[in-house]
Amino acid sequence: GSNGQTAPTIGLTPDGNGIAIAGAFVPPVSQNWMGAGLYFNGARCIDGSTFTGVTFDFSGALGDCTLAVGANFSGDSTSTDAPGRGSCPFTSDSNCYPPMVVVTPPSALDGAATGTTTFKVPFALMGSGSPTPKVDPSTILTVQWQLNARSGGPGCSASFTVENVAFY
């Protein structure tokens with residue numbers, strides 16, 4: 001998460017079929033991101049090259065925050081974060097981070113916690129990773145959801161769930 005901010009809370013949904021994520025940014029907002037994800041812990045990366053992207057069901061409220069979805073892979077992960085699997089040539093998370101794309105659930109536009117939205121997020125839409133801008137789906141390490149606030153802004157808070165996460 002961001003310096004000076006409280007880390008988001010993450011837990012299983014009551015039925016055990018999803019992840020409940022809640023986070024808030026309080027002024028001053030200097031680093032404007034925090035998130036949670038599914039880390040695939042194993043000796044090898046996940047080969048998702050036969051899939052188009054990630055699908056999941058979203059429900060909850062984002063308030064004034066935005067939500068980005070990404071897939072971290074070997075080339076944008078440090079060997080410290082993913083021993084034996086990370087191949088980013090840098091040692092810092094500020095130089096090694098995954099491609100992401102902002103998604104906007106219709107139910108979250110007004111801050112109300114109503115309805116469920118199913119997203120299909122293609123790997124090809126995820127961008128701005130470093131040092132590799134696009135996802136290499138053959139070496140996936142994580143799927144993640146990142147809350148963002150406006151830098152210097154008033155802060156924001158969000159509470160939502162993601163369920164039925166899968167590659168498609």
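Student: In which loop does Ser128 lie, and what is its phi?

Tutor: Ser128 belongs to the loop between strand 7 and strand 8, and in this predicted model its phi is near 65 degrees, a positive value in a residue other than glycine. Ser128 counts as exposed because its relative accessibility is 60%. The loop between strand 7 and strand 8 also holds Pro131, and the peptide bond that leads from Ser130 to Pro131 is cis, with omega near 5 degrees.

Student: Which residue of strand 9 has a positive phi although it is not a glycine?

Tutor: That residue is Asn164, whose phi is about 55 degrees and whose place is in strand 9.

Student: How should I read the disulfides, and how many are there?

Tutor: A disulfide is read from a pair of cysteine sulfur atoms within 2.5 Å, and by this rule the count comes to 2. With bonded cysteines counted along the chain, the pattern is 1-4, 2-3. One of the pairs is Cys65 with Cys156, whose sulfur atoms lie 2.0 Å apart; the other is Cys88 with Cys96, where the sulfur atoms are likewise 2.0 Å apart.

Student: Which parts does the pair of Cys65 and Cys156 tie together?

Tutor: Cys65 sits in the loop between strand 4 and strand 5, whereas Cys156 sits in strand 9, so the pair ties together parts that are 91 residues apart in sequence. Both Cys65 and Cys156 are buried.

Student: Is each disulfide right-handed or left-handed?

Tutor: The torsion about the S-S bond settles the matter: for Cys65 and Cys156 it is about 100 degrees, so that disulfide is right-handed, while for Cys88 and Cys96 it is about -75 degrees, so that disulfide is left-handed. As for burial, Cys88 counts as buried at 7% relative accessibility, and Cys96 is buried with a relative accessible area of 5%.

Student: Why is the sulfur of Cys45 not in a bond with the sulfur of Cys88?

Tutor: The closest cysteine sulfur to that of Cys45 is the one in Cys88, and because the separation is 13 Å, it is too far for a bond. Cys45 counts as partly exposed, at 22% relative accessibility.

Student: How does one find empty space in a structure, and how many cavities of 30 Å³ or more are there?

Tutor: Rolling a probe the size of a water molecule over the atoms shows where empty space is left. Here the structure holds 1 cavity of 30 Å³ or more, and about 30 Å³ of space lies in the largest cavity. The lining of that cavity consists of Asp64, Ala149, Arg150, Gly153, Pro154, Gly155 and Cys156, which divide by class into 3 nonpolar, 2 polar and 2 charged residues. Cys156, part of this lining, is also the disulfide partner of Cys65.

Student: Which residues are closest to the centre of the largest pocket, and how much space lies in it?

Tutor: The largest pocket contains about 630 Å³ of space. Its lining is made of 26 residues, of which Trp33, Asn72, Tyr97, Pro98 and Gln144 are the closest to its centre. Strand 3 (33-39) and strand 8 (140-148) each supply at least two residues of the lining, and strand 3 gives the most, with 7 residues. By class, the lining has 11 nonpolar, 12 polar and 3 charged residues.

Student: Which residues have the most contacts inside the largest nonpolar core?

Tutor: That core has 31 residues, and those with the most contacts inside it are Phe25, Phe56, Leu67, Met126, Trp145, Leu147 and Phe160. Among the strands that each supply at least two residues of this core are strand 2 (18-25), strand 5 (66-73) and strand 9 (156-167). If residues up to four places away in sequence are left out, the residues that Met126 touches include Val54, Val69, Ala71, Met100, Val121 and Val135.

Student: Is Lys120 buried or exposed, and which residues does Lys120 touch?

Tutor: Lys120, in strand 7, is exposed, with a relative accessible area of 55%. Not counting residues up to four places away in sequence, Lys120 touches Val54, Thr55 and Tyr168. The C-alpha atoms of Lys120 and Tyr168 are separated by 7.8 Å, although these residues stand 48 residues apart along the chain.

Methods: Residues numbered from 1 in each chain as written. Predicted model: local features only at pLDDT ≥ 70, side-chain atom pairs only at ≥ 80, totals over all residues. Heavy atoms only, no water. 1 Å grid on protein atoms, 1.4 Å probe; cavity = no way out; pocket = protein on both sides within 12 Å on 5 of 7 lines; lining within 4 Å. Points joined across faces, edges and corners; volume = space filled by probe spheres on them. Helix = DSSP H or I, 4+ residues; strand = E, 2+ residues; numbered from the N terminus. Nonpolar A, V, L, I, M, F, W, Y, C, P; charged D, E, K, R; others polar. Core = buried A, V, L, I, M, F, W, Y, C linked by side-chain atoms within 4.5 Å. Buried < 20%, exposed > 50% of the residue type's maximum accessible area, 1.4 Å probe, protein only. Contact = heavy atoms within 4.5 Å.
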